[in-house]
Amino acid sequence: MKQQRQRTLLEILAAHQTLATHELAPLLDVSIETVRRDIRDLHRQGKIIRQHGRIKAVADDDSDNGLSFLDRFRRHARNKKEVVSQVLSQIKPQMCIALDASSTCWYLSRQLPNIPLTVITNSFRICCELEKHDNITLICTGGTLVRKYSSFFVGSDALSVIKAQDIDLFIFSCDSVDHLGNIWDTNNGNARFKKYVFNHAKARILLLDKSKLGSRGELNLFSAKDVSAILYK
């Protein structure tokens, strides 16, 4: 009964975008306290987010949630290039680095020198960019390709590749960083990749522009205090 009620709750949220607790109770024909318990359960499972007293279902992996790659490519392009120039000095020959599927890391891949490196990524676009760098050992995570958002790979296959690698540095971006230092993202599949690599890397560098500071996103990744360095412009 509880599982069915929670499935119904998610279906209602999908149809209404966002609702408050007092609006959900009559739709489910249960008490407000019961709704609150269900919301706590679903929030712990990462299936919903709570923002300003309202509830929203988390988008599926193949949704159009978040800005498209082209939109993100165009936003704050100058700032992204300056941030990327800062991180290049941190990349040394023989290192193993991981890059996420962000447009900022795509900028970085375009500027990477053709030196002996191992690069791990879930980004199809970065793989295409580095394909001709014959001194770089390029490891694509594989998995199911999500074309709608950033052309990145998701799934257990994508994550299993990471286990065998000794990652020196994980370079990534995010959707936003709130006032408490929580780092947020918008897509489930990409978020899982970031969390997994984050836990396997020796060092982590977050790249962002100032427009991403001071707001919350949909999926909480980790805390800024656990990041080795934050580079922003």
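**Exercise 1. The span of helix H1**

How many residues does helix H1 have, and what distance does H1 reach from its first C-alpha to its last?

*Solution.* The model examined here is predicted. Helix H1 covers residues 2–16 and so has 15 residues, given its DSSP run. Taking 1.5 Å a residue, the expected span is 21 Å. In the model, the distance from the first C-alpha of H1 to the last is 21 Å, close to that expectation. Directly after H1 comes Gln 17, with a positive phi near 70 degrees.

**Exercise 2. The two faces of helix H1**

Determine which residues of H1 are buried and how they are placed around the axis.

*Solution.* Begin with the buried set: Arg 5, Gln 6, Leu 9, Leu 10, Ile 12 and Leu 13. These residues lie on the same side of H1 because they cover an arc of only 160 degrees around the axis. Next, consider the face turned away from this buried side: exposed residues there are Gln 3, Glu 11, Ala 14 and Ala 15.

**Exercise 3. The surroundings of Leu 13**

Establish whether Leu 13 is buried or exposed, and identify the residues that Leu 13 touches.

*Solution.* Leu 13 is found in helix H1. Its relative accessibility is 1%, and the cut-off for a buried residue is under 20%, so Leu 13 counts as buried. Setting aside residues up to four places away in sequence, Leu 13 touches Leu 19, Leu 24, Ile 48, Ile 55, Lys 56 and Ala 57. One of these partners, Ile 55, is 42 residues from Leu 13 along the chain, yet the C-alpha atoms of the two are separated by 7.6 Å.

**Exercise 4. The protein as a whole**

Describe the secondary structure, burial and contacts of the protein.

*Solution.* The protein contains nine helices and 14 strands. Of its 233 residues, 48% are buried. The exposed area is about 11,700 Å², of which carbon and sulfur atoms supply 48%. For contacts between residues at least 6 apart in sequence, 61% join residues at least 24 apart.

**Exercise 5. Confidence in the model**

Where in the protein is the confidence lowest, and where is it highest?

*Solution.* The average pLDDT of the protein is 85, and 88% of the residues score at least 70. Confidence is lowest in helix H4 (residues 69–74), with a mean of 59, and highest in strand E4 (residues 96–99), at 98. Over residues 61–65 the pLDDT is below 50. This stretch nevertheless has 14 contacts in the model beyond near neighbours in sequence. Where pLDDT is low, predicted coordinates should not be read in detail.

Technical notes:
Residues numbered from 1 in each chain as written. Predicted model: local features only at pLDDT ≥ 70, side-chain atom pairs only at ≥ 80, totals over all residues. Heavy atoms only, no water. pLDDT = per-residue confidence, 0-100. Helix = DSSP H or I, 4+ residues; strand = E, 2+ residues; numbered from the N terminus. Contact = heavy atoms within 4.5 Å. Buried < 20%, exposed > 50% of the residue type's maximum accessible area, 1.4 Å probe, protein only. Areas by Shrake-Rupley, 256 points an atom, 1.4 Å probe, with all protein chains shown as cover. Expected span 1.5 Å × (residues − 1). Arc of directions from axis to C-beta.
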